[in-house]
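Trainee: I would like to learn how the labels on a model like this one are earned. Please take me through the reasoning, one label at a time.

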Amino acid sequence: MTEYNAEAAAATSPAETPAAAQTQTHPTPGETDGHRAAGGALRPSIRDRIAAARPYASEVVDFPLWDVKIEVRSISLGLRNEMLASVIDPETKEADVKRLYPELIIRTSFDPETGERVFSDDDLAFINGLDAGSGDKLAKPALKLSGMTDDAKDEEAGKSSETETSVSAS
């Protein structure tokens, strides 16, 4: 981190200072992120604690007919926005329902033992060929965990800022 020189700053105006010299430096993460907890130990910042936590909620769904279990995970805000942009017609603002559930299922279905994705980006037709009940069994928790249902929005609206949300730690 560079030090601030008040005399040098007073001697030159921003217009006279080269662009490189005008660049402000900020502390790197860890220099000032945390705060002192009781006992004087440095505690990580809220941002650092969020980054270190498991970044998604999940639910394991059992499919006895297929003899498999699939871990359905919430998706990140960026991934949800990307997915919605890919299925919404920019002119009509209508979602392509033939793609919405399959795209969501592709992005949220994981092997609970290995953590690998169950479906690839090329499995759109395969997922559309599944029976509707099985597709719904995957899509409904994905929608809820990702905050894309009215129930999820109502549930969040009813929580106070003090309420803790549990996240799967398996």
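Mentor: Let's start with burial: a residue is called buried if its relative accessible area is under 20%, exposed if it is over 50%, and partly exposed in between. Keep in mind that this is a predicted model.

Trainee: Why is Phe119 called buried?

Mentor: Phe119 has a relative accessible area of 8%. The limit for buried is under 20%, so Phe119 is buried.

Trainee: What makes two rings an aromatic pair?

Mentor: Their centres have to lie within 6.5 Å. By this rule there are two aromatic pairs. In one of them, the ring centres of Phe63 and Trp66 are 4.6 Å apart and the planes are at 15°. Stacked means planes under 30 degrees apart, so the Phe63 and Trp66 pair is stacked.

Trainee: What is the burial label for each of Phe63 and Trp66?

Mentor: Phe63 is buried, with a relative accessible area of 3%. Trp66 has 28%, which falls between the 20% and 50% cut-offs, so Trp66 is partly exposed.

Trainee: Why is the pair of Phe119 and Phe126 called tilted?

Mentor: The planes of Phe119 and Phe126 are at 45° to each other, with 6.1 Å centre to centre. Under 30 degrees would be stacked and over 60 edge-to-face, and the rest count as tilted. An angle of 45° meets neither limit, so tilted is the label.

Trainee: Which charged side chains sit over rings, and how do you know?

Mentor: Arg73 lies over the face of Phe110, 3.9 Å from the ring centre. The charged end of Lys137 sits over the ring of Phe63, at 4.9 Å from its centre. The distance part of the rule asks for within 6 Å, and both values satisfy that limit.

Trainee: On to salt bridges. How do you know that Arg99 and Glu103 form one?

Mentor: Their side chains meet at 3.2 Å, N to O, and the rule asks for within 4 Å, so the contact qualifies. Arg99 and Glu103 are four residues apart in helix α5 (residues 97-108), which separates them by about one helical turn. Glu103 counts as buried at 10% relative accessibility, while Arg99 is partly exposed at 26%.

Trainee: What else does Glu103 pair with?

Mentor: Arg107 meets Glu103 in a salt bridge at 2.4 Å, N to O. Arg107 and Glu103 are also four residues apart in helix α5, about one helical turn. Arg107 is buried, with a relative accessible area of 14%. Glu82, Arg99, Glu103 and Arg107 are linked in a network of salt bridges.

Trainee: How many salt bridges are there in the whole structure?

Mentor: The search finds six. One of them joins Arg117 and Asp121, whose closest N and O atoms are 2.8 Å apart. Arg117, at 39% relative accessibility, is partly exposed. Asp121 has 55%, and exposed means over 50%, so Asp121 is exposed.

Trainee: Now the sheet. Which strands make it up, and what makes some of them edge strands?

Mentor: Three strands form an open sheet in the order β3-β4-β5, with antiparallel pairing. β3 (58-63) and β5 (109-110) each have a single partner strand, so one side of each is left without a neighbour in the sheet, and they stand at the edges.

Trainee: How do you know that β3 and β4 are paired?

Mentor: Pairing needs at least two bridges, and β3 shares six with β4 (residues 68-73), in the antiparallel sense. Among the partners, Glu59 is bridged to Val72 in β4, and Val60 stands opposite Glu71. β3 and β4 form a hairpin with four residues between them, and Asp67 in the turn has a positive phi of about 60°. Helix α7 (residues 132-145) lies across β3, β4 and β5, at about 170° to β3.

Trainee: One last case: where is Ile75, and why is it called buried?

Mentor: Ile75 is in the loop between β4 and α4 (77-87). Its relative accessible area is 10%, and under 20% is the limit, so Ile75 is buried. Leaving out residues up to four places away in sequence, Ile75 touches Arg80, Leu104, Arg107, Thr108 and Ser146.

Key: Residues numbered from 1 in each chain as written. Predicted model: local features only at pLDDT ≥ 70, side-chain atom pairs only at ≥ 80, totals over all residues. Heavy atoms only, no water. Phe/Tyr/Trp six-rings, centres within 6.5 Å; stacked < 30°, edge-to-face > 60°. Buried < 20%, exposed > 50% of the residue type's maximum accessible area, 1.4 Å probe, protein only. Lys NZ or Arg CZ within 6 Å of the ring centre and 35° of its normal. Helix = DSSP H or I, 4+ residues; strand = E, 2+ residues; numbered from the N terminus. Contact = heavy atoms within 4.5 Å. Axes fitted to C-alpha atoms, helices over the stretch in contact; angles between N-to-C directions.
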